[in-house]
Amino acid sequence: MTETFDRETAAAAIEAPGTPEEHWAAWDGLARLPAVPPPSGPVVVVAAHPDDEVLGFGGTMAQLTGPIHLVTVTDGEGSHPHLPAGRIAALRAAELERALGALAPRACRTYRLHIPDTDVGAHERQLTRQLATVLRESGAGLCVAPFTGDLHADHEAAGRAAAAAARQTGTPCWHYPIWMWHWAAPGDPRVPWPTARRLPLPSWAQARKQAAIHHFTSQITPFSLGTGTGTGTGTGTETNAGPGTVILPPSELAHHTRPFETVFI
């Protein structure tokens, strides 16, 4: 990005009404992005919160034929601060497990680092070391992580740590946006479009991604532990949802259910 935002400004951008998906769909800039095929070989996928990986890279994950090593940085326990953190963490871990089963039925090795939700930046050096270890031990040919300009502090810190670990290990690194689709606009000069690439999704991969997203009940519906059912989703956005808040409403989900995914390389 060409501009730096403090936390207050970034939070305001995320809380403000977002760019409708129809505006993105009408912009030919996305269709003109160079297309790249799914990567081969072992891939390390980094998520700041459970569900980031599915929203930003799930359709491509469904197509991978090599080993997948999924690193979940936080447990997502901060998404509903009015509810017990331990129970939210357990719930979101279970949602992710079900989502991965729908996305890629074959084995996916998972790593839960338990770094505090909303405080990834304070643990960035530790995270860099941990990710470098995973990259070396997995023999991964690619690291995929959140976009370092996403305007969400946890996403950006996870992306920076992944990029640093990738440099240390000589591993290429791609970054997927989540909140960028909300606060940015087509052709936005704050977005590094020259480095953007499009990953086309066949219809079966789109269907698997859709099925996986629907397992993040705590994030996509109004959620209450007392009912035993979710009404909230696991988008990993961690916007401190209060009672009855839907973290990822249909207007936001629309950005992540396109027939392609976008990464910055």
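Which residues in α4 meet which residues in α9? In this predicted model, Val54, Leu55, Gly58 and Gly59 of α4 meet Ala205, Lys209, Ala212 and Ile213 of α9. Sorted by class, the residues of this contact divide into 5 nonpolar, 2 polar and 1 charged. It is a good place to begin a walk through the structure, so keep the viewer open as you read.

Two packed helices are described by the angle between their axes and the distance between the axes. For α4 and helix α9 (residues 203-213), the angle is about 155° and the axes are 8 Å apart. Because angles over 145 degrees count as roughly antiparallel, α4 is roughly antiparallel to α9. The two helices cross in a right-handed sense.

Stay with α4 for a moment. How many residues of α4 are buried? The count is 10 of the 10 residues, so α4 is largely enclosed by the rest of the structure. Among the buried residues are Asp52 and Glu53 at one end, together with Phe57 and Met61. Threonine 60 belongs to this helix, which spans residues 52-61. With a relative accessibility of 1%, threonine 60 counts as buried because the cut-off for that class is under 20%. Leaving aside residues up to four places away in sequence, threonine 60 touches Pro38, Pro39, Leu199, Leu201 and Glu261.

Now step back to the loop between β1 and α4, where you will find aspartate 51. Although aspartate 51 is not a glycine, its phi is positive, at about 110°. Is aspartate 51 buried or exposed? Its relative accessible area is 0%, so aspartate 51 is buried.

A second residue with a positive phi is worth a look. Threonine 118, in the loop between β3 (109-112) and α6, has a phi near 75° and is likewise a residue other than glycine. The relative accessible area of threonine 118 is 37%, so this residue is partly exposed.

Following the chain onward from that loop brings you to α6. The axes of α6 and helix α7 (residues 153-169) come within 8 Å and cross at roughly 50°. How do α6 and α7 lie relative to each other, parallel or oblique? They are oblique, because an angle of that kind falls outside the ranges for roughly parallel, perpendicular and antiparallel. α6 passes α7 in a right-handed crossing. By class, this contact has 11 nonpolar, 3 polar and 3 charged residues.

On the α6 side, the residues that meet α7 include Leu127, Thr128, Leu131, Ala132 and Leu135. The α7 side offers Ala157, Ala158, Ala161, Ala164 and Ala165, among others. An α-helix has 3.6 residues a turn, so residues three or four places apart point the same way. For a closer view, pick out threonine 128, which is found in helix α6 (residues 124-138). A relative accessible area of 8% makes threonine 128 buried. Beyond residues up to four places away in sequence, threonine 128 touches Ala161, Ala164, Ala165 and Gln168.

Next come the aromatic rings. How many aromatic pairs does a search of the whole structure find? The search finds 6. One of them joins tryptophan 24 and tryptophan 27 in an edge-to-face arrangement, 6.0 Å centre to centre and with 65° between the planes. Tryptophan 27 also forms an edge-to-face pair with tryptophan 193, at 4.9 Å centre to centre and again with 65° between the planes. This pair links distant parts of the chain, 166 residues apart: tryptophan 27 sits in the loop between α2 (21-26) and α3 (28-31), and tryptophan 193 in the loop between α8 (180-183) and β6 (196-200). Tryptophan 27 and tryptophan 193 are both buried, and tryptophan 24 is buried as well. Trp24, Trp27, Trp181 and Trp193 form one aromatic cluster.

Finally, look at valine 36, in the loop between α3 and β1 (43-47). Its C-alpha atom is separated by 5.6 Å from that of leucine 199, a residue 163 places away along the chain. Not counting residues up to four places away in sequence, valine 36 touches Trp174, Arg197, Arg198, Leu199 and Pro200. Leu199 is a name you have met before, as one of the residues that threonine 60 touches.

Methods
Residues are numbered from 1 along each chain as its sequence is written. This is a predicted model: local features need pLDDT of at least 70, side-chain atom pairs count only at pLDDT 80 or more; totals for chains, interfaces and linings use all residues. Side-chain values use heavy atoms; hydrogens and water are left out. Helices (H or I, at least four residues) and strands (E, at least two) are DSSP runs, numbered from the N terminus. Buried means under 20% relative accessible area, exposed over 50%, partly exposed in between (1.4 Å probe, protein chains only). Contact means heavy atoms within 4.5 Å. Axes are lines fitted to C-alpha atoms, for helices over the stretch in contact, and angles run from 0 to 180 degrees between N-to-C directions. Angles under 35 degrees count as roughly parallel, over 145 as roughly antiparallel, 65 to 115 as roughly perpendicular and the rest as oblique. A crossing is left-handed if the near helix is turned anticlockwise from the far one by less than a right angle, and right-handed if clockwise. Ala, Val, Leu, Ile, Met, Phe, Trp, Tyr, Cys and Pro count as nonpolar, Asp, Glu, Lys and Arg as charged, and the others, Gly among them, as polar. Rings of Phe, Tyr and Trp (its six-membered ring) pair if their centres lie within 6.5 Å; planes under 30 degrees apart count as stacked, over 60 as edge-to-face and the rest as tilted.
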